[in-house]
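Here's a quick walk through one helix, a set of record annotations and a pair of domains. Have a look at the model first.

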Amino acid sequence: MTPSALRPATLPRPASDAAQPAALRERLASHIQRRGALAVLVLMAALASATSSTFPTWSNISSILGNNAFVWLLALGMTFVILTGGIDLSVGSVYALGGVLGAYGAHTGGTWLAVVLPLAVGALWGTAQGLLVARARMAPFIVTLAGLLGARGLLQALTNEGATTYLVPADSAFRRLGDGTWVPVLLVAALFGSGALLLTRTRFGATVTALGGNENAATLMGLPVARTKVLVYVLSATLAATAGALGSARLGSGVTTIGVGYELTAIASVVIGGTLLTGGSGSIGGTASGVLVLAVIHNLIDHYFSQYGSAFTDTVNGAFLAVVVLVQTLLSRTRQTD
Amino acid sequence: MVQQGRAPRSDWILEVAEVDKSFAGVHALRGVDFRLRPGEVHALIGENGAGKSTLIKVMTGVYRPDAGRVRLAGEDRAFRNPLEAQTAGISTIYQEVNLVPLMSVARNLCLGREPRRFGLVDVRAVNRIARETLKRYGVDVDVTRPLGSLGLGAQQMVALARAVRTDARVVVMDEPTSSLEPREVETLFSVIRGLRSQGIAVVYVSHRLDELYEICDRVTVLRDGAVVHTGDMAGLERLKLISLMLGREMSTVRAKGATAFGTGQHGEHGGDGGHEAAPVLRATGLTVRHKVHDVGLDIHHGEVVGLGGLLGAGRSETAKAITGALATDGGTVEVDGVPLARRSPAAAIRAGVVMLAEDRKTEGILPNLSVRENISLALLPRLARAGVVSGARQDEIVRFFMERLRIKAAGPDQKVSDLSGGNQQKVLLARWLCLDPKVLLLDEPTRGIDVGAKAEVQALIDELAEQGLGVLLISSDLEELIEGSDRLVVLKDGRAVGHLRGEEITEQTVLDTLAAAPPSEDLRGEDLDGEDLRGEAPAPHPDDHPAQAQGRPTAPAVTKEEPR
């Protein structure tokens with residue numbers, strides 16, 4: 001064999017020419033995937049503002065933002081879980097549990113207990129779920145389904161099956177946390193901002209994304225896979241319990257019947273926000289757009305279709321979700337074939 | 001270059017001594033000794049199942065040996081996981097790129113060791129480091145793009161850049177060139193030469209002999225879990241190397257009769273050299289990027305066409321490309337003169353081309369179902385009338401094939417996973433035969449089954465061909481291939497490098513064909529043509545390969561060259 005057999009001196013580089021349009025298409029696809037929800041949000045808000053006199057009023061906007069802000073924290077935690085390729089079905093129940101614990105804490109021990117108790121129970125709940133997923137290698141779906149039932153059961157036991165309602169004392173400082181529009185919105189915005197920083201600018205965040213993208217590779221690269229998995233479930237449950245506690249501060253009592261199905265809304269927000277349900281790609285900003293899109297749809301249906309009742313809200317949400325996932329699938333197919 | 005002669009003990013950077021490793025009672029490694037000097041490129045070669053990957057995994061902390069020692073720089077080490085081996089200075093580049101495709105190139109490169117400012121990852125520094133590092137590897141890309149958007153070769157380079165850190169003492173490369181373009185191979189080699197000059201030892205696993213001769217200093221050959229040769233690469237003849245891998249002594253070409261194949265030729269075309277009749281299957285210009293290059297073959301009624309070559313030569317890929325199980329970048333397949341328009345296994349089955357997959361467990365049997373269900377599964381659509389399957393008809397067919405193929409089972413309702421490997425293989429054969437195919441593609445039909453069952457399967461292949469079935473036989477068992485085939489197409493690095501027929505098919509000619517035919521410049525150049533033609537079906541190159549385009553056999557290319 002001649003030494004130059006594997007070393008052709010001058011080779012054309014056909015790849016570079018063909019790569020340009022492909023890269024452009026791929027960039028466009030990835031932009032639509034990541035920022036599609038934001039575009040839809042802006043479009044809907046613009047259309048609604050143009051056609052309705054009530055939509056752009058402060059009272060309407062503050063009702064969109066203020067009433068549900070805490071529930072959006074469920075989607076924040078869910079983003080991390082879904083990014084690892086997992087799922088957390090327990091957040092709705094943990095949200096309700098956090099609410100009761102918050103009210104119970106404010107009722108018996110004051111503001112500090114109202115804050116600490118839900119945080120601690122949420123963190124413990126998440127640790128248990130995380131260990132079962134990461135160490136015992138159980139399916140996240142099953143573990144958190146058990147968590148959904150378990151947390152709801154614990155809630156029933158704490159409240160004597162709903163017979164006992166804990167009230168947050170009217171003079172408690174705890175109530176300030178849920179008051180008005182600005183406090184909840186700023187609180188939630190700050191948490192989303194911290195979440196975004198955590199995801200994009202820390203090793204933990206990089207590991208979360210890597211883990212969802214290719215768990216095998218993450219393991220072989222020596223990343224702390226199991227620890228990170230436990231931590232995302234801790235984060236999710238803690239945020240859910242915190243959200244519940246803040247909700248009880250707003251409502252003034254621990255309501256046992258709320259939170260049913262919230263996990264599904266959270267999942268929907270995350271997916272609409274462009275995070276892949278299979279993990280490995282997504283953003284906190286996308287999730288923020290996702291929750292707002294769902295909130296605006298809800299609000300618009302209340303506005304325009306109030307004569308039909310709000311019964312159609314979930315149908316529209318469902319249809320919207322289906323369209324988003326369809327577009328995601330088509331986009332990722334475009335990117336793969338490049 | 002490396003010092004010749006015996007190095008003193010302390011000079012080994014990595015020593016694997018008397019290592020045993022078995023899985024479920026099967027010995028994967030038996031008393032393996034493997035020693036690595038600093039600054040040498042050491043080839044590790046062997047056929048499928050020789051124990052290469054097990055040895056690599058022992059060295060890199062994925063497996064722990066049952067017995068024996070692993071010593072790094074003279075110290076006994078027992079790595080519990082890949083991370084410990086990495087920290088100790090053993091980096092590995094896996095055959096499959098093991099990175100995260102959705103993350104950016106830069107993040108992949110720095111994952112787990114990102115530079116931080118004020119506790120947060122310094123994204124700008126990450127990107128800068130990535131750009132600078134990759135430039136040294138000849139990769140000039142936007143590092144903020146997702147890794148998955150890069151070509152496989154560039155991804156492999158990123159994996160390489162990630163693995164080769166300043167503190168690496170040993171770099172293990174498992175078939176690093178399997179997805180590289182020639183230009184990238186050259187970059188890889190210059191990187192390897194750089195490592196060598198820095199005193200870093202490289203373990204280089206590849207099936208491409210030309211590469212081994214170009215880049216490697218020494219070689220260790222594994223066969224059946226044991227080391228059969230260790231020595232300098234220079235001065236080792238290709239033919240010797242291949243016979244070491246395959247376990248054949250050149251002087252002792254055994255007499256025929258060790259397999260159950262008949263010695264006669266099959267079908268109406270046997271031995272007379274005439275191929276007037278149209279082939280039942282004709283494949284031309286099959287191309288699968290990085291795997292198969294412009295391979296063409298004809299199979300006539302009643303003919304067993306063997307597909308030979310070393311591991312990684314593209315044998316299975318060629319068969320899969322024919323059925324459509326593997327997406328092709330070019331080439332056509334005709335069955336009885338009718339081209340297959342849609343390429344999918346389902347379309348191939350409808351046209352009468354069926355394939356017995358190599359991996360019985362993952363691509364074949366449904367372990368929890370019965371023999372009956374496993375046999376009749378593919379047939380069900382044809383048995384059904386208005387969607388209802390006739391149980392009686394199904395039973396009749398299943399019983400027929402169980403008797404015909406002498407499947408030893410308690411009855412049609414026995415779970416298939418309870419059967420022996422040989423009988424499972426027969427069940428799979430029955431599954432395809434009951435579809436009444438025209439062409440049967442067999443990928444390693446006798447691997448992992450006992451001697452008796454092996455002979456039965458071989459006799460069956462013979463019998464089926466005599467009845468007019470066209471058979472493509474892929475086998476790593478050289479004896480089986482030589483005695484079973486009427487014609488033999490030899491593949492090397494995804495190209496057909498030899499066509500043998502009839503009496504020409506001997507161990508000597510096959511090994512000669514494998515050892516000869518180094519890739520020439522113009523053949524290498526075709527890779528780039530292929531890139532231009534991606535998406536279109538490239539026309540076959542009748543000028544380049546007149547013989548294969550027309551399915552005519554040629555004498556083997558025994559242009560043996562000077563051994564180095």
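Helix H7 (residues 182-201) of chain A has 20 residues and, at 1.5 Å a residue, should span 28 Å; its end C-alpha atoms sit 27 Å apart, which agrees. That expected span is 1.5 Å times one less than the number of residues, and helices here are DSSP runs of H or I with at least four residues, numbered from the N terminus.

A word on ground rules: this is a predicted model, where local features need pLDDT of at least 70, side-chain atom pairs count only at pLDDT 80 or more, and totals for chains, interfaces and linings use all residues. Residues count from 1 along each chain as its sequence is written, while chains are lettered from A and ligands numbered from 1 in the order in which they are written.

Back to H7(A): Pro184(A), Val188(A), Leu191(A), Phe192(A), Gly195(A) and Leu199(A) are buried (20 or more other C-beta atoms within 10 Å of their own, with C-beta atoms placed from the backbone; exposed means 12 or fewer, partly exposed in between). They cover an arc of only 100° around the axis, so they are on the same side of H7(A); the arc is taken from the directions from the helix axis to the C-beta atoms. On the other side, Trp182(A), Leu186(A), Ala190(A) and Ser194(A) are exposed.

The unreviewed UniProt entry annotates several "transmembrane region" spans in chain A, including these two; such annotations may be inferred rather than shown by experiment.

| Span (chain A) | Helix | Strand | End C-alpha distance |
|---|---|---|---|
| residues 37-58 | 73% | 0% | 23 Å |
| residues 230-249 | 100% | 0% | 29 Å |

Note on methods
Helices (H or I, at least four residues) and strands (E, at least two) are DSSP runs, numbered from the N terminus.
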